[in-house]
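Let's take a friendly walk through this structure, starting with the ligand and its surroundings and then turning to the aromatic rings.

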Amino acid sequence: MNKTITVAALCFAAATSGAVAQNDPLRFDPDNFTRQSLTMPGGKQVAYKAYEGIVYVKNVEDPTYQTLNIYVPENLADIERVPILLRTYVGGYMASTAKSPSPSDATGRALSEGYVVCIPGSRGSNSTIERDGKTVYTGTAPNGLLDLKAAVRYLRYNDQLIPGESDLIFTDGTSAGGAMSSLLGATGNAREYEPYLKRMGAADARDDVFAAICYCPITDLNHADMEYEWLYGCTNAGVRHLNEAQAAISDELSALCPAYINSLGLRDKSGNPVTADNYKDYLKTFLLESAHRALQEGCEISDTVGFTFYKDKSGPMGGGPGNRQHGGMRPRVDDGRGAPSFGPGNAPRFNKTSDFVTDLDLDKYLSYVASVTPLKTPPAFDQMGVLIPTPSPENKVFGNENGEPANFTEFSLQHRLNDRSAKLSKDMDQRVYLMNPMNFIGSGKSTIAPNWYIRHGAKDRDTSFLVPVNLATKLENDGKNVNFFLPWNRPHSGDYNLDDLFNWIANTLQVR
Ligand code: DHB
């Protein structure tokens, strides 16, 4: 009895002093590194210590994925508190191993800035192990997210041993990885994840983060189908070429969306309600701002995509009628990835009276987007068994341990079973809930990251524009520092315009 008390007291003392016991399996070993370096695009050599293959949970299920790498630059940034960039390479809701930094994305750039980088692996829809002669799928939702949360906890748990500040973690990911980043930002310390994390043997530490960087997050999965059809339904009879059955599903889904939009209770920057009735005008403000800034940066925008252009010669750059291409006034800015890059996201909002573009025919613009990359057919996400048998990446990640994919919305389940009374299981309801950041923002159930950088390309059709717009707006309404922009001419991609991102990171650290 006495001994138990003594051990408990010692553990408590260790926890409160921040010291991790030498024999703790989750202790970071500061001496176990190799020296590595990378060459940045401009030729700069960046040398760093590499701590690789670190197991971040006590009860490892899948050793291929449940490890993380940490990279510490030899020249740490000369600032009081050095941040940590946690970059996930999750894509398509699949598993991702712990990777090395790359000179062409935010990881290399972070090291070059003198920031610490962590690249965790995580289980996903395609990760398997052999158990008792059977193949077991280890990455069913929310396991990939739990792994990433466990990685955050590992960094916090070892705060005293790992260079950099674990309360300055910036998460970063693209697409499904952007969704993971948004979840890390939105679900910090939420009790709902606790039993799972405990079972995994995650470190006993907080898992909220300082900032979430989300490129084209494929999230709000249980509403994404209706959001897609409500927005892109205008193209059904045109560029989308839907057959009758597809058009009927599209209409059914679309009809569900207004109630969902209204249920969010969103407000614009002036505090006016954003409802299904005025939503499209609200969305247009972001697209107009994108086009406006593109023109300012010297891009050309075709007459055919739906914009109305400013006709006054006294426009801000001297552009006049028919002169909106303002030939050669500025070089086209390009970051080498095939799409122009644009300036800081905190530039003033589009001003109707003094800027280059004054209005947008949204339906025309959406048809343009759909003509660049064919749209997904309805339902865009929970598609299995509704009109085609094929599972989507989302059906797979919501599948079971045997690798059988599953529906995750009542709509698609009911259509697949042809039973309008079919209900999702309680277990599925809970899994879907845990995978949607919108459930947590403003709910008081979690510690939300105070800082957000959200990007979704202006011609990215992998999910509806509603998904990032709602995410950003809900966060803004919740008082968070949100830098949101739809970069012009960007398809589905991430870690672009790194100057803008790293300026934002530096500013965010300053105003902290
Ligand atoms: C990704 C893209 C998708 O269109 C999707 O539905 C899920 C994931 C991705 O690129 O990660």
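In this predicted model, the shell around the ligand is made up of three nonpolar, four polar and three charged residues. Its members are Gly91, Gly92, Ser175, Ala176, Ile218, Lys376, Phe381, Glu394, Asp462 and His492.

Oxygen atoms of the ligand make polar contacts with this shell, as the table shows.

| Residue | Partner of a ligand oxygen atom | Distance |
|---|---|---|
| Gly92 | polar backbone atom | 2.5 Å |
| Lys376 | side-chain N or O atom | 2.7 Å |
| His492 | side-chain N or O atom | 3.5 Å |

On its own the ligand has 290 Å² of accessible area, and the protein covers 83% of that.

Now for the rings: the whole structure holds 22 aromatic pairs. One of them joins Phe28 and Tyr51, with ring centres 4.8 Å apart and planes at 50°, so this pair is tilted. Phe28 sits in the loop between α1 (2-17) and β1 (34-39), while Tyr51 belongs to strand β2 (residues 45-55), so the pair ties together parts 23 residues apart in sequence. Both Phe28 and Tyr51 are buried.

Tyr193 and Phe440 make another tilted pair, at 5.7 Å centre to centre with 35° between the planes. Here the link spans 247 residues, from the loop between α4 (176-186) and α5 (194-200), where Tyr193 lies, to the loop between α12 (426-434) and β14 (451-455), home of Phe440. Tyr193 has 0% relative accessibility and so counts as buried; Phe440, also at 0%, counts as buried too.

Phe170, Phe210, Tyr215, Tyr453, Tyr496 and Trp504 form one aromatic cluster. Arg455 lies over the face of Tyr453, 3.9 Å from the ring centre. Likewise, Arg293 lies over the face of Phe485, at 3.7 Å from the ring centre.

Notes. Residues are numbered from 1 along each chain as its sequence is written. This is a predicted model: local features need pLDDT of at least 70, side-chain atom pairs count only at pLDDT 80 or more; totals for chains, interfaces and linings use all residues. Side-chain values use heavy atoms; hydrogens and water are left out. A residue is near a molecule or strand if one of its heavy atoms lies within 4 Å of it. A polar contact is a pair of N or O atoms within 3.5 Å; within protein, one must be able to donate a hydrogen and the other to accept it, and residues adjacent in sequence count only if both atoms are side-chain atoms. Accessible areas come from the Shrake-Rupley method with a 1.4 Å probe; for residues, only the protein chains shown count as cover. Ala, Val, Leu, Ile, Met, Phe, Trp, Tyr, Cys and Pro count as nonpolar, Asp, Glu, Lys and Arg as charged, and the others, Gly among them, as polar. Rings of Phe, Tyr and Trp (its six-membered ring) pair if their centres lie within 6.5 Å; planes under 30 degrees apart count as stacked, over 60 as edge-to-face and the rest as tilted. Helices (H or I, at least four residues) and strands (E, at least two) are DSSP runs, numbered from the N terminus. Buried means under 20% relative accessible area, exposed over 50%, partly exposed in between (1.4 Å probe, protein chains only). A charge sits over a ring if NZ of Lys or CZ of Arg is within 6 Å of the ring centre and within 35 degrees of the ring normal.
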